[in-house]
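Welcome! Please take a look at the structure below, and then we will walk through it together, one topic at a time.

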Amino acid sequence: MACVLIFSRLFPFSHRLRGTSICLLSLFLSFLCYCALFPGGAVMQKSGDPTPGCLQADGTKRRLQKSPSCLFPPDARKSSAADEAPQAELRHSAAARTGRENTPSPPMSHLKFGNKKLPNAIIVGVKKGGTRAVLEFIRIHPDVRAAGTETHFFDRNYDRGLEWYRGLMPRTLESQITMEKTPSYFVTKETPHRISAMSQETKLIVVVRDPVTRAISDYTQTLSKTPDLPSFQDLAFRNQSLGIVDVSWNAIRIGLYALHLENWLRYFPLAQIHFVSGERLITDPAGELARVQDFLGLKRIVTDKHFYFNRTKGFPCLKKPESSGSPRCLGKSKGRTHVQIDRDAIEQLRDFYRPYNVKFYEMVGHDFKWE
């Protein structure tokens, strides 16, 4: 009606119109006033839209109040409660990914590759035969990883269990061989059975040497640690004049290779035991290492190019690696000058060991020529 009054003031002829015309004109003017109050082509909210205060305009949403429902289309509002948890999870994952992407990767030196495995091969003996040399030479091979120190698991620490033993091993890849060496294993009665209980597939390496020379070397090492040790002859013989050897002395007992091997053959076939000549290891290290690699099923990578003979030590050393500034020789205890022993005592010991040596040659099918 306000629009009609305004119209009658502006247009004096309006009093001549009939009531019906005035009503129609009033409706028309009301529409014009509505459009003036709500410009921009706004239309009234459809009755089908359940959200109050949300208007459709130019294909977009306009929020007329602070209702969160105005922010989403009807279909999204219906499923918002159900989707809230997955959406939060996605936002959390995105944040986590962003955090990871912004976090610098750890240096390669800190990464640990491979696993600790029980050994595939063990150097089981013998003391002062050249076991350290064999271990140091064979670990040049990229497919071999070895424990650096003697574990003494099967003779002194067996009660600690296999998991303790495994923990002493280096990490190796699936294609690599894990090794350790403890020379006292060969002469320890319980060791063959214990290794067999761990794995009957374990490969065994025994480094043997002329038992007389080996005994003298053993005594020389002990004397360097115990200067007041009795003489070699006093320890080696119960009665030297009668040629009675004291087999209870460990330095003598170790050289009875045939007796010790009999114990091992109760649990392992001979084909699973490889014998390295301690003498040839000095004169031809590459040749001995070639046979060791064959026995372990490895490609012959350690060759004569890796060795040179150190005349001062009287022992082969490894040539200088590319990453090192000096050659790599074994410790001071290797190549040590032996104590001088009476010639008659040496001959008596050779007579004592001869039948054991012959039997050992027959058992392994090889003559080591210890005469």
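## A salt bridge within one helix

E347 and R343 form a salt bridge, with 3.2 Å between their closest N and O atoms. Keep in mind as you look that this is a predicted model. Both residues belong to helix 13, where they sit 4 residues apart, about one turn of the helix. R343 is exposed, because its relative accessibility is 52% and the cut-off for exposed is over 50%. E347, at 34% relative accessibility, counts as partly exposed. Elsewhere, salt bridges with shared partners connect K127, R214 and D218 in one network.

## Other charged pairs

How many salt bridges does the structure hold? There are 16 salt bridges. Side chains of opposite charge can pair when their charged atoms come close.

One of these salt bridges brings together the side chains of E262 and K359, at 2.6 Å from N to O. This pair links distant parts of the chain: E262 is in helix 10 (residues 257–264) and K359 is in helix 13 (residues 343–364), with their positions 97 residues apart. E262 is partly exposed, with 29% relative accessibility, and K359 is partly exposed too, with 34%.

R280 and E288 also meet through their side chains in a salt bridge, this time at 2.8 Å from N to O. Is E288 buried or exposed? E288 is buried, because its relative accessible area is 1% and buried means under 20%. Its partner R280 is partly exposed, with a relative accessible area of 27%.

## The nonpolar cores

Now let us turn to the inside of the model. In soluble globular proteins, nonpolar side chains tend to be buried together. Here, the largest nonpolar core has 30 residues, and those with the most contacts inside it are V124, F186, I195, L261, W264, F275 and F360. Which elements each supply at least two residues of this core? They are strand 4, helix 6 (191–198), strand 8 (203–208), helix 10, strand 11 (273–277) and helix 13. There is also a second, separate core of 25 residues, with A121, V134, F137 and I177 among them.

V124 is a good place to zoom in. Setting aside neighbours within four places in sequence, V124 has contacts that include F186, I195 and W264, which also appear among the residues with the most contacts inside the largest core. Other contacts of V124 include T182, P183, S184 and Y185, as well as L204, I205 and V206.

## Annotated positions

An unreviewed UniProt entry lists K128 as "active site". Where is K128 placed? K128 lies in the loop between strand 4 (121–125) and helix 4 (131–138). With 13% relative accessibility, K128 counts as buried.

The unreviewed UniProt entry also gives the feature "binding site" at a set of positions, including K128, G129, G130, T131, R132, R209 and S217. T337 is one of the positions in that record. In the model, T337 is in the loop between strand 13 (315–318) and helix 13. T337 is exposed, with a relative accessible area of 67%, whereas K128 is buried.

## A stop at helix 8

Our last stop is Q233, found in helix 8 (residues 232–236). At 19% relative accessibility, Q233 counts as buried, because the cut-off for buried is under 20%. What is Q233 in contact with, leaving aside its neighbours within four places in sequence? Its contacts are Q240, I341, D342 and A345.

Key:
Residues are numbered from 1 along each chain as its sequence is written. This is a predicted model: local features need pLDDT of at least 70, side-chain atom pairs count only at pLDDT 80 or more; totals for chains, interfaces and linings use all residues. Side-chain values use heavy atoms; hydrogens and water are left out. UniProt positions are given in the numbering used here, feature names are shortened, and annotations may be inferred rather than shown by experiment. Buried means under 20% relative accessible area, exposed over 50%, partly exposed in between (1.4 Å probe, protein chains only). A salt bridge is a side-chain nitrogen of Lys or Arg within 4 Å of a carboxyl oxygen of Asp or Glu. A nonpolar core is a set of buried Ala, Val, Leu, Ile, Met, Phe, Trp, Tyr and Cys residues joined through side-chain atoms within 4.5 Å. Contact means heavy atoms within 4.5 Å.
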